[in-house]
Amino acid sequence: MKRVILFISTILVLSSCVETTKESDEINLYSQRHYKVDEKQYEAFEKETGIKVNVVKANADELIERLKNEGDNSPADLFITVDAGKLQKAKDLDLLQKISSPIIYQNVDIDLKDVNGYWIPITYRARIIVYSKDRVDVGELSTYANLTDKKWKNKVLVRSSSNAYNQALLSSIVANRGEEAATNWASELVKNFARDPKGNDRDQVKAITAGQGDLAIVNSYYIGLLLSSENDEEIKAGNSVGVFFPNQGEEESGSHINVSGIGLAKNAPNKENAIKLMEFLTSESAQKTYTNTSYEYPANPNVEPNEIVKKWGSFKKDILDLNQLGVFRNKAIEIFDKSGWK
Ligand code: FE2
């Protein structure tokens, strides 16, 4: 009799263990990404694993606020951004946990990794210069710093300084060249603006096509998106500009890049599913989907960029520790305010 009771209680203990450790068949993402390719990826993941992907979309700061407010009760498993700086910020606020998965670390390029292990890259992008093929001799282009030359007066197009891509670029300049050089760069560049900053990256390219300026600072994948668009006007805009990677000289830093990356939420209720999704998104097949749908560069070095992107050639990346983009963010915003970059 005793033995039977012991047996039954063992079963009860075991089943209650299973109950408490069992994850749901869901995963909750807080994502800043705003591209069509993401839905495609999550659908493929759901099909392969049966794990349902729920997405909350907002900008990175809003998502960080939400994670903070929800605290231990947050349903979030993963925090996805288009900026390593915001991942660094989330880590600094103790909202993330370390990611341990040999598969993920094998999948991604060593240059793009978080040195502290709190986030992983899924794609990267370069902030490049595009120029009017009709009006600019590419031989005159060299560095971000060169854009402040007087010869580009009234010719430079760029979006507002409130934009995260510009803030990350300026953070990289502060990190690489110091506050004074960054301050001079921003204030001198403003003097060369073709118009007050407005619109998104694609709008800057369209403004070149319309003759409103000759050069623009944009993220690389937008050119791929324009060239592969179904809209004739967008294709025309994409074709009217050439792609130039700045800072390629031997002594120079390389072109500024940033990652789109994922942090594992500190209290992720579905941690195992979250790791599975990160492994999936860095796998060769998902990386091909990214490169061929959103024209970003793959974080997985075994995957080639899309044909359109490959035609621009390879380039030297700025291999700054990308966490620095978060460390110098407030400084960059302060410099922008002083520089008059709206
Ligand atoms: Fe974007």
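**View 1. Spacing of the iron donors along the chain of the predicted model**. The residues that donate to the iron ion follow the sequence pattern Y-x129-Y-x55-Y-Y, and in this predicted model they are Tyr 35, Tyr 165, Tyr 221 and Tyr 222, each acting through its OH atom at a distance of 2.1 to 2.5 Å from the ion. Tyr 35, in the loop between strand E1 (26-31) and helix H2 (37-49), and Tyr 222, in helix H9 (residues 220-227), are 187 residues apart, and this pair links distant parts of the chain. Both Tyr 35 and Tyr 222 are buried. The angles among the four donor atoms run from 74 to 143°, and the site is classed as irregular; because a tetrahedral assignment would require all angles to lie between 85 and 135 degrees, the angles of 74 to 143° do not meet that criterion.

**View 2. The boundary between domain 1 and domain 2**. Domain 1 comprises residues 26-124 + 258-308, whereas domain 2 comprises 125-255 + 322-339, and the C-alpha centres of these two domains lie 26 Å apart. Across the boundary, 24 residues of domain 1 are in contact with 18 residues of domain 2. The area buried between the domains is about 1,700 Å², with carbon and sulfur atoms giving 57% of that area. On the side of domain 1, the residues losing the most area to domain 2 are Gln 88, Asn 258 and Tyr 295, which together account for 29% of what that side buries. Two salt bridges are counted between domain 1 and domain 2.

**View 3. Salt bridges that tie together separate helices**. The whole structure holds 22 salt bridges, one of them formed by the side chains of Asp 61 and Lys 86, with an N to O distance of 3.1 Å. Asp 61 belongs to helix H3 (residues 60-70) and Lys 86 to helix H4, so this pair ties together parts that are 25 residues apart in sequence. Asp 61 is partly exposed, at a relative accessible area of 32%, whereas Lys 86 is buried, at 9%. In another salt bridge, Glu 179 pairs with Lys 331, and their closest N and O atoms are 3.3 Å apart. Because Glu 179 lies in helix H7 (residues 179-191) and Lys 331 in helix H15 (residues 329-339), this pair ties together parts that are 152 residues apart in sequence. Glu 179 is partly exposed, with a relative accessible area of 34%, and Lys 331 is likewise partly exposed, at 24% relative accessibility.

**View 4. A salt bridge within helix H7, and a shared network**. Lys 191 and Glu 188 both lie in helix H7, three residues apart, or about one turn of the helix, and they form a salt bridge whose closest N and O atoms are 2.9 Å apart. Glu 188 counts as partly exposed, at 34% relative accessibility. Elsewhere, Arg 33, Asp 38, Arg 125 and Glu 296 are joined into one network by salt bridges that share partners.

**View 5. Positive phi angles at Asp 94 and Asn 154**. Asp 94, although not a glycine, has a positive phi of about 65°, and its place is in the loop between helix H4 (84-92) and strand E4 (96-97). Asp 94 is partly exposed, with a relative accessible area of 45%. Asn 154, also not a glycine, has a positive phi of about 65° and is placed in the loop between strand E5 (119-132) and strand E6 (156-157). Asn 154 counts as partly exposed, at 48% relative accessibility.

Conventions: Residues are numbered from 1 along each chain as its sequence is written. This is a predicted model: local features need pLDDT of at least 70, side-chain atom pairs count only at pLDDT 80 or more; totals for chains, interfaces and linings use all residues. Side-chain values use heavy atoms; hydrogens and water are left out. Donors are N, O and S atoms within 2.8 Å of the metal (3.2 Å for Na, K and Ca); water is not among the atoms, so sites may look incomplete. Four donors count as tetrahedral if all angles lie between 85 and 135 degrees; four count as square planar and six as octahedral if opposite donors are over 155 degrees apart and all others between 65 and 115; anything else is irregular. Helices (H or I, at least four residues) and strands (E, at least two) are DSSP runs, numbered from the N terminus. Buried means under 20% relative accessible area, exposed over 50%, partly exposed in between (1.4 Å probe, protein chains only). Domain bounds come from an automatic or database domain assignment. Contact means heavy atoms within 4.5 Å. Buried area is the accessible area (1.4 Å probe) that two parts lose on being put together, summed over both. A salt bridge is a side-chain nitrogen of Lys or Arg within 4 Å of a carboxyl oxygen of Asp or Glu.
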